[in-house]
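Got the viewer open? Let's walk through this one together, starting wide and then zooming in.

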Amino acid sequence: MFMQVADRIYMLSTNSSGKFPSSFCFYIDDEKKALIDTPLDRSFPDLLQERRVDLIINSHFHRDHTGCNDLFPEATILAHPLDIPAMESLDEFCYYYGFHHYGNSELRDGLVKWIGYRPCRVDQPIEDGEIINLGKTKLEVIHTPGHSPGHCVFFDRAHGILFSADIDLTSFGPWYGNWTSDVDDMIDSITKIIKLKPEIILSSHKGLIQNNVTAKLKQYLQRIYENENRILEVLAQPTNIDQLTEKKIIYGKWYEPTIIFEYFERLSLIVHLRRLLKKGMVKQIGEDYIRTTSFTHSCK
Ligand SMILES: [Zn+2]
Ligand SMILES: [Zn+2]
């Protein structure tokens, strides 16, 4: 798919759904030609039909966003410094995912192979507030950690267009299943995006969203609190992480291969418990977690 979605902006995917492990990438055909992210599928460059690529602007380190970077050796690659270590080194990548802590090596190796890990260079760090000038198009870098520490979205303020990367408005999100994910950061990042009042969102896994954008973002944010309420409900009784994982609060259902869903379910809960412990809403006694408050969020 190579589809125009706005002036000078094209949405690209080798698979029309954009569903993980696929993704939508975006090509901006301006004085400087830029790609926002590259997907896992190695046939991706065919979609461009030899169009020039001067810049690759990576939203974050995940392989469904950086997978074909190496197929553009002439392009300058940009990413946020907090995600660069995981792009450059497999050890760091595994640390970001949490495999040092909770994965068995079989799962780690299987996953690394499946997502085709290749180290990739980054030529230029980007920072919050920086403007990437492509000619007529000016993209503002908005640092939006939570999904990953260096996750960024890119805002074309003049046209109200937000490239929202993995703040993707899919039913799988908001996703915070890496060791280096952070729920408080995720809440702050979505709140920051709501305040930008984008008119159009170009999501990496949902594509073009142009109706009720603010309401959809608010609903998306709300899901974090819904997860939190369910966790607090279970933690009325002392519960260890294995028992909590079995409740499938985050995914609802584990698909095949369930070992992967179980792993990310557990990591998401660990990341969420970090927030609840920090806020004093949960305490840990031995291996068990128990809630210290009867407070729950009011969710519509
Ligand atoms: Zn991601
Ligand atoms: Zn993604």
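**The whole chain, then two stops**

Start with everything on screen: among contacts between residues at least 6 apart in sequence, 57% join residues at least 24 apart. Keep in mind that this is a predicted model. Colour by secondary structure and you should get 10 helices and 16 strands. Line the view up with the principal axes, and the C-alpha trace spans about 60 × 40 × 30 Å. For 300 residues, a compact globule would have a radius of gyration near 19 Å, and the chain has 19 Å, so the two agree. Colour by burial next, and 41% of the 300 residues count as buried.

**First stop: helix 8**

Select residues 213-234, which is helix 8. Put a distance between its end C-alpha atoms: they are 33 Å apart, and because 22 residues at 1.5 Å a residue should span 32 Å, that agrees. Now show the side chains of Val213, Leu217, Tyr220, Ile224, Glu228 and Ile231, which are buried in helix 8. What do the buried residues of helix 8 pack against? Add helix 7 (183-196) and helix 10 (258-278), then strand 12 (200-203) and strand 13 (207-209): those are the packing partners.

**Second stop: a small sheet**

Hide the helices and pick out the open sheet of 3 strands, ordered 14-16-15 with antiparallel pairing. Strand 14 (239-240) and strand 15 (282-285) are at the edges with a single partner strand each, so one side of each has no neighbour in the sheet. Zoom in on strand 14 and strand 16 (residues 288-291), an antiparallel pair joined by 2 bridges. To finish, click Asn240: opposite it, in strand 16, stands Asp288.

Note on methods
Residues are numbered from 1 along each chain as its sequence is written. Chains are lettered from A and ligands numbered from 1 in the order in which they are written. This is a predicted model: local features need pLDDT of at least 70, side-chain atom pairs count only at pLDDT 80 or more; totals for chains, interfaces and linings use all residues. Two strands pair if DSSP finds at least two bridges between them. Helices (H or I, at least four residues) and strands (E, at least two) are DSSP runs, numbered from the N terminus. The expected span of a helix is 1.5 Å times one less than its number of residues. A residue is buried if 20 or more other C-beta atoms lie within 10 Å of its own, exposed if 12 or fewer, and partly exposed in between; C-beta atoms are placed from the backbone. Two residues are in contact if their C-beta atoms, placed from the backbone, lie within 7 Å. The radius of gyration is taken over C-alpha atoms; the globule rule is 2.2 Å times the number of residues to the power 0.38.
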